[in-house]
Amino acid sequence: MVTLSDELAQAVVDLDQDKVVELVKKRLDSGVPALEIVAKLQEGMTEVGRLFESGEYYLSELIMAGEIMKEVMVDLEPHLAGDSGGHRGNIVIGTVKGDVHDLGKNIVVMLLKGAGFNVIDLGVDVPKEKFVEAIKEYNAPLVGMSVLLTAALESLKETVAAVKAAGLGTKVIIGGPFMDEKVKEYCGADFYATNASDGVKAAEEVFGKN
């Protein structure tokens with residue numbers, strides 16, 4: 001396991017909920033910018049994701065880290081909204097029609113929020129029309145479509161096609177365990193992700209790094 005330079009990031013990796021909450025509160029109270037705090041949380045979550053992918057952490061650890069992030073983001077989000085820099089941009093995300101799995105999507109949402117993006121989470125079993133409506137409403141340059149079941153592949157393809165047909169210029173990333181270059185081309189997407197980290201990388205590419 002990598003030892004991180006910042007104690008907040010390390011506390012996330014150690015799954016030390018009390019310490020994460022305490023450090024976030026302490027830093028907010030001392031005037032540390034919320035985005036700076038989130039960057040350290042993101043560093044920790046990235047390492048948790050790496051440990052999960054390498055088999056050192058299991059699903060339970062991944063979920064625990066996600067719960068810790070959820071708890072502290074409740075306190076951080078109002079400060080993020082008020083930051084002079086604001087959010088880095090809007091991203092619409094949801095699990096496509098015919099699929100009700102949301103664990104992977106939820107982890108990506110947390111990582112994207114941690115990276116400073118404003119994420120509009122449409123939930124699960126989302127029809128293609130709802131994706132298009134949300135992209136228009138929030139003028140989102142990027143939309144993420146999650147799918148766990150191969151049975152929902154056609155639904156995924158139809159949803160990508162609907163977004164492209166709307167002519168909004170929005171980039172599409174598809175995510176799920178069976179994604180690869182062939183599936184990306186078949187569906188007509190711009191990016192694919194097999195893990196949460198890939199989703200953040202695609203967002204960085206679309207929006208540009210800080």
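How many of the 5 residues of strand 3, which spans residues 142–146, are buried? In this predicted model, 5 of the 5 are buried, so strand 3 is largely enclosed by the rest of the structure. It helps to look at the two ways in which the side chains point: Leu142, Gly144 and Ser146 point one way from strand 3, while Val143 and Met145 point the other way, and all of them are buried.

The neighbours of strand 3 come next. Strand 1, which covers residues 90–95, runs parallel to strand 3 and is joined to strand 3 by 5 bridges. Within this pairing, Val92 has Val143 of strand 3 as its bridge partner. Strand 3 is also joined by 5 bridges to strand 4, residues 171–175, and these two strands run parallel as well. Here Ser146 stands opposite Gly175 in strand 4.

From strand 4 we can step back to Thr170, which is found in the loop between helix 7 (153–165) and strand 4. Thr170 counts as buried because its relative accessibility is 6%, and the cut-off for a buried residue is under 20% relative accessible area. The side chain of Thr170 has a polar atom that lies 2.9 Å from the backbone oxygen of Ala140. Leaving out residues up to four places away in sequence, Thr170 touches several others, among them Ala140, Pro141, Ile135 and Asp190, and its list of contacts also includes Leu142 and Val143, two residues that belong to strand 3.

Another loop, the one between strand 1 and helix 5 (103–114), holds His101. Is this residue buried, exposed or partly exposed? His101 is partly exposed, because its relative accessible area is 36%, a value that falls between the limits of 20% for buried and 50% for exposed. The side chain of His101 makes a polar contact with the side chain of Asp99, at 2.7 Å. When neighbours within four places in sequence are left aside, His101 is in contact with Thr95, Val124, Leu148 and Leu149. By way of comparison along the chain, His101 and Ala11 are 90 residues apart, and their C-alpha atoms are separated by 28 Å.

The last stop is on the surface, where Phe52, Leu59 and Ile63 form a nonpolar patch that has about 240 Å² of accessible area together. Phe52 lies in helix 3, which covers residues 34–53, and Phe52 is described as partly exposed because its relative accessible area is 34%.

Definitions and conventions
Residues numbered from 1 in each chain as written. Predicted model: local features only at pLDDT ≥ 70, side-chain atom pairs only at ≥ 80, totals over all residues. Heavy atoms only, no water. Helix = DSSP H or I, 4+ residues; strand = E, 2+ residues; numbered from the N terminus. Buried < 20%, exposed > 50% of the residue type's maximum accessible area, 1.4 Å probe, protein only. Contact = heavy atoms within 4.5 Å. Polar contact = N/O pair within 3.5 Å; in protein donor to acceptor, adjacent residues only side chain to side chain. Patch = residues over 30% accessible without salt bridge, like charges linked within 9 Å, V, L, I, M, F, W, Y side chains within 5 Å. Areas by Shrake-Rupley, 256 points an atom, 1.4 Å probe, with all protein chains shown as cover. Salt bridge = Lys/Arg side-chain N within 4 Å of Asp/Glu carboxyl O. Pairing = 2+ DSSP bridges.
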